[in-house]
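Here's a quick tour of one strand and its partners, followed by a stop at a single glycine. Have the sequence and the model open as you read.

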Amino acid sequence: MSRIVFICLAAILTDALAWAQVNVEPNTALLNQNDRTELLCRYGKAINYCRIEIPGEQKVLNLSPEWNKTPGFTYHGAGLTAGQCGVSIERVKASNNGQVKCSLGVEGEELTGTIDLVVAMRPQQPIIELLSKPNREGYFNEGTEFRARCSVRDGRPPANISWYIDSMPANKRTTPLEIMSSTSDNVELSTSVQEIQWHLSAEDSNRKLVCRSHHQTDRESIPPQEAAYIINVRYAPVHQPDAAVYGLYLEHTAIVNITIRASPQPKIEWTIDGAIVGQGRTDGRYSAYEPQYMGNDEYNVTLAIAGLTLEDTTKTYNLRASNELGLTDYQVRISSSSKPPSSSLDVAAIVGIVVAVAVLVLVVLLIVFARATGRWCFGGKSIKTPTNETQIDKQLELGAQQSHGQNVALLETPNGITLLGASKVREANGNGQDRMSVERRHHDEDDSFEYGTDRESSVYNPTTRPLKSILMSQAAGRNSRSSASDKEDGSEHADLLQKGNQLGIPESRFSRWLPKDQRELIEKQAMLLSGRGKSTAPGPATPPKPQRPQNGEANTTSPIATANTTTTTPTTPKLPQETEI
């Protein structure tokens with residue numbers, strides 16, 4: 001409860017103080033002479049009267065919106081009922097500088113407010129005072145500590161000071177800005193003072209030291225005021241890198257020019273192959289001229305060589321310049337070349353190098369891309385990696401070479417590889433060349449029927465033999481028979497194989513493993529079909545299918561042939577290309 005009461009009392013007191021306080025606008029007015037300004041005092045309630053006192057004016061201004069009795073001063077505000085009391089000054093004078101006081105009559109009492117009115121006065125011209133004195137001729141020696149002071153007097157408000165050397169900031173050591181006040185004819189004015197100091201060098205000679213003042217009265221039409229001092233420094237000839245003169249003509253008089261800086265003027269002597277040639281003198285083909293002043297402590301030194309030879313361009317010319325502050329040696333080389341050798345690459349060379357590097361990078365990227373995607377010159381090539389399949393291929397090719405052209409049984413392995421005999425490939429190609437043919441099948445093909453079991457089990461039955469191996473061995477004559485019977489059996493088995501799938505075996509491009517009982521049954525059926533089972537099997541044997549004539553030969557076989565008929569022409573058994581037993 002007590003806390004609530006305290007808050008209420010504080011709010012009431014704050015409100016009362018706000019009503020009793022006179023607000024002014026602005027708090028401080030900074031003006032130049034003859035400027036127009038408006039000053040305002042405000043109160044939260046209606047006021048009875050408005051009086052304003054201005055420094056430099058002899059009477060107090062009693063202002064109201066209803067009348068205007070004082071020329072140059074008029075009422076400013078929304079009216080007395082709005083609690084506003086202000087004045088509009090037509091032209092501000094220097095004597096008006098000070099505090100403006102406003103008095104407001106409120107319910108039998110008077111409230112006051114004050115506004116600081118500062119009328120700026122432009123200071124006098126800056127002055128540079130030398131604290132370190134030059135010699136009689138107005139020169140400072142190199143290395144001397146230079147000190148100067150800049151003063152800007154009678155300004156209101158005080159002026160700021162900045163230092164410049166020529167048109168650039170001096171960036172030298174300066175003291176803090178010092179402000180001193182003075183009164184003249186009841187007018188308070190200020191003076192600004194600052195010092196600068198540093199050690200002089202040859203580069204400071206003939207340069208302009210500037211002290212510039214910055215003040216409230218500066219306008220675009222009235223630039224800042226400044227003072228300047230030219231610094232003169234005496235120093236020995238300035239050292240510089242070895243000079244080189246190009247474009248001289250052989251067998252002509254060569255003029256060698258070099259520019260040096262010194263203060264005062266230096267004396268010159270040349271040394272050529274041990275011979276000394278002073279200024280204004282001639283020694284043989286060499287003539288040394290007097291130094292010519294070019295301004296800003298620069299002198300042009302000239303050496304003339306009559307009848308320039310190639311040997312002269314290989315010499316080093318030593319120049320010594322001296323004055324009362326010291327001496328400096330220079331080395332000069334001459335050449336008949338039109339321009340000096342370039343120590344760096346020009347723009348064209350840099351551009352060429354950049355373009356060459358970019359082209360090289362592009363070519364490398366294209367080669368990598370073509371090799372990775374198999375395009376362009378890499379389109380017919382493949383990258384061989386040492387995998388299991390390639391190792392198997394090499395083993396099969398080695399086995400084929402060792403077979404010396406003999407027929408090889410076709411075997412289907414779980415890796416999906418079928419090896420064809422050399423005779424079949426020879427007949428298929430028709431060119432009589434032996435080569436290995438490896439046929440791969442996709443691993444995702446279902447070959448469970450081909451093996452009679454699940455391929456993934458990789459189970460091998462040792463009691464089985466590949467049927468194709470049996471038939472091919474019989475067709476190729478690998479049994480221990482005579483050569484005549486071998487030819488007969490070869491032709492008969494060739495007829496058997498040409499009959500196609502008459503044994504009821506499903507067609508397939510791949511060889512298969514058959515159980516032993518099925519193999520024996522198929523062998524018997526093969527013998528019956530080939531005519532060998534006449535004595536044991538009843539019924540007539542099926543005649544072999546006649547072969548088509550090859551190589552332009554006429555078909556000598558009768559269309560109606562008996563089972564005992566044999567072919568006298570040896571033929572190579574033709575293995576079927578698509579249908580495999």
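## Strand β28 and its partners

Strand β22 (residues 254-261) and β28 run antiparallel, joined by eight bridges. Before going further, a word on the model: it is predicted, so local features need pLDDT of at least 70 and side-chain atom pairs count only at pLDDT 80 or more, while totals for chains, interfaces and linings use all residues. Residues are numbered from 1 along each chain as its sequence is written, and side-chain values use heavy atoms, with hydrogens and water left out.

Strands here are DSSP runs (E, at least two residues), numbered from the N terminus, and two of them pair if DSSP finds at least two bridges between them. These are the antiparallel partners of β28:

| Partner strand | Bridges to β28 | One residue pair |
|---|---|---|
| β22 (residues 254-261) | eight | I260 opposite Y299 |
| β26 (residues 286-288) | three | A288 with L303 |
| β27 (residues 292-295) | three | G295 with E298 |

β27 and β28 also form a hairpin with two residues between the strands, where N296 takes a positive phi near 55°.

So is β28 (residues 298-305) enclosed or open? Seven of its eight residues are buried, so β28 is largely enclosed by the rest of the structure. Buried means under 20% relative accessible area, using a 1.4 Å probe and protein chains only.

## A look at G113

G113 sits in strand β9 (residues 109-120). With 8% relative accessibility, G113 counts as buried. Leaving out residues up to four places away in sequence, G113 touches V22, V24, V100, K101 and C102; contact means heavy atoms within 4.5 Å. As for V24, 89 residues separate it from G113 in sequence, yet their C-alpha atoms are 6.7 Å apart in space.

Terms used
Buried means under 20% relative accessible area, exposed over 50%, partly exposed in between (1.4 Å probe, protein chains only). Helices (H or I, at least four residues) and strands (E, at least two) are DSSP runs, numbered from the N terminus.
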